[in-house]
Amino acid sequence: MKTEHRKNYIKGLKDGIPIFLGYFAVSLTLGIHLQEYGLTPLQGVLASLTNHTSAGELIGFQTIAADSGYWVLILAEIVANARYLLMSFALSQKLAPKTPVWQRLLMGHGITDEIFSISVSVPGRLDPFYTYGAVTAALPGWTGGTFIGAILGNVLPLRFVSALSVGLYGMFIAAFIPPIRKDRVMAGLIAVCFLLSYLFHRLPAFDFIDDGLKIIILTVVIASAAALLFPRKEAQSDEA
Amino acid sequence: MKHNVYVYIFICMALVTYLIRILPLTLIRREIKNRFFRSFLYYVPYVTLAVMTFPAILDATQSPVSAALALVVACVAAFFGRGLFTVALSGCLTVFVSELVLDYLIK
């Protein structure tokens, strides 16, 4: 491994520690409920290792428990995970254009809300090794939490799980708050996001829309409006 | 069960999710020049993370009060340039402490 790659890998590993803790807490709760869905701890572990996503796995387990058709589950997964498509788009512009395909294929499995959040926040171009480092920390947390949750059941103190769960949101906050210091447009944008998201999620009129779909609709609508009203100058876009 | 659990897990879940993750990343190998699209992609991460955080964070803990406090503390910490770990930890600690206090007040 080249020195620079090694440095970035270690940086990713370090930044992945809070993700490890947060994932452990969340997947613990996922694991605790495995039995209700008629799944064994091993099946839960295999699902967490290969899926590496919370919403997608939860919907998956519910669909398995309902014994719905394969196509139903495929559609549910597309809806639950479509935001990864947008993230993958954004990361495609963050990588150096000559990044080889095998690295893109390897990195892809690491795209989760949290790993995306830290990967897209590195200054300049993204070195895939940074993302590998983060995955090295995060995936064992996610998979291990599922396993421990499945075998321990409900013995863990709720207060502890409660405190850890909020850590994941802390990581999102660390990504979207810093730009508002220097940029009024960003400050207004985040305020609009909070307001519209609150209304969209809490008004009963929108209850018929799936939560995963709500995130996509809000993202596409708000980001398009911002791009139309406040297009970035080239220099500004490059630091994204 | 009529269906095979492993077909569910590996094909319907894992494969579909993986394809969604890698398609843009592998197919779009060059820089997009269009200014609107570049701006759109610039805003996407911030917007998506913000709408995922709020109001969902309010339901993540045992009490919306502890979560709201954590949101404020984490935002302040991030605003003043604290790193990822500090921001996440400040949120966790706020929840832990405020839920202890809340429990004490209620009991």
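**Figure 1. Chain B, all helix and no strand.** Chain B of this predicted model has 4 helices and 0 strands. Going along the sequence, the order is simply α-α-α-α. Don't expect a neat ball here: the radius of gyration of chain B is 20 Å, well over the 13 Å that the globule rule gives for 107 residues, so chain B is more spread out than a compact globule. Measured out along the principal axes, the C-alpha atoms of chain B take up a box of roughly 55 × 50 × 20 Å. Even so, 49% of the 107 residues in chain B count as buried. Among the contacts in chain B with a separation of 6 or more, 44% come from residues 24 or more positions apart.

**Figure 2. Helix 3 against helix 4 in chain B.** Here we zoom in on helix 3 (residues 64-79) and helix 4 (residues 84-106) of chain B, which pack at an angle of about 150° with their axes 8 Å apart. That angle makes helix 3 of chain B roughly antiparallel to helix 4 of chain B, because anything over 145 degrees counts as such. The crossing of helix 3 of chain B with helix 4 of chain B is right-handed.

**Figure 3. Who touches whom between helix 3 and helix 4 of chain B.** On the helix 3 side of chain B, the contact includes B:Val65, B:Leu69, B:Ala70, B:Val73, B:Ala74 and B:Ala77. Helix 4 of chain B answers with residues including B:Val87, B:Ser90, B:Gly91, B:Thr94, B:Val95 and B:Leu102. B:Glu99 of helix 4 is also part of the contact. Sorted by type, the residues of this contact between helix 3 and helix 4 of chain B come to 11 nonpolar, 6 polar and 1 charged.

**Figure 4. Where chain B meets chain A.** In this view, 67 residues of chain B are in contact with 85 residues of chain A. Helix 1 (5-27), helix 2 (35-53), helix 3 and helix 4 of chain B each give two or more residues to the side that touches chain A. That side of chain B splits into 48 nonpolar, 11 polar and 8 charged residues.

**Figure 5. A:Val220 and a partner far off in sequence.** Over in chain A, A:Val220 sits in helix 11 (residues 211-229). A:Val220 has 17 other C-beta atoms within 10 Å, so this residue counts as partly exposed. Also in the frame is A:Arg83: the two residues are 137 residues apart in sequence, and their C-alpha atoms are 9.8 Å apart in space.

Terms used
Residues are numbered from 1 along each chain as its sequence is written. Chains are lettered from A and ligands numbered from 1 in the order in which they are written. This is a predicted model: local features need pLDDT of at least 70, side-chain atom pairs count only at pLDDT 80 or more; totals for chains, interfaces and linings use all residues. The radius of gyration is taken over C-alpha atoms; the globule rule is 2.2 Å times the number of residues to the power 0.38. A residue is buried if 20 or more other C-beta atoms lie within 10 Å of its own, exposed if 12 or fewer, and partly exposed in between; C-beta atoms are placed from the backbone. Two residues are in contact if their C-beta atoms, placed from the backbone, lie within 7 Å. Axes are lines fitted to C-alpha atoms, for helices over the stretch in contact, and angles run from 0 to 180 degrees between N-to-C directions. Angles under 35 degrees count as roughly parallel, over 145 as roughly antiparallel, 65 to 115 as roughly perpendicular and the rest as oblique. A crossing is left-handed if the near helix is turned anticlockwise from the far one by less than a right angle, and right-handed if clockwise. Ala, Val, Leu, Ile, Met, Phe, Trp, Tyr, Cys and Pro count as nonpolar, Asp, Glu, Lys and Arg as charged, and the others, Gly among them, as polar.
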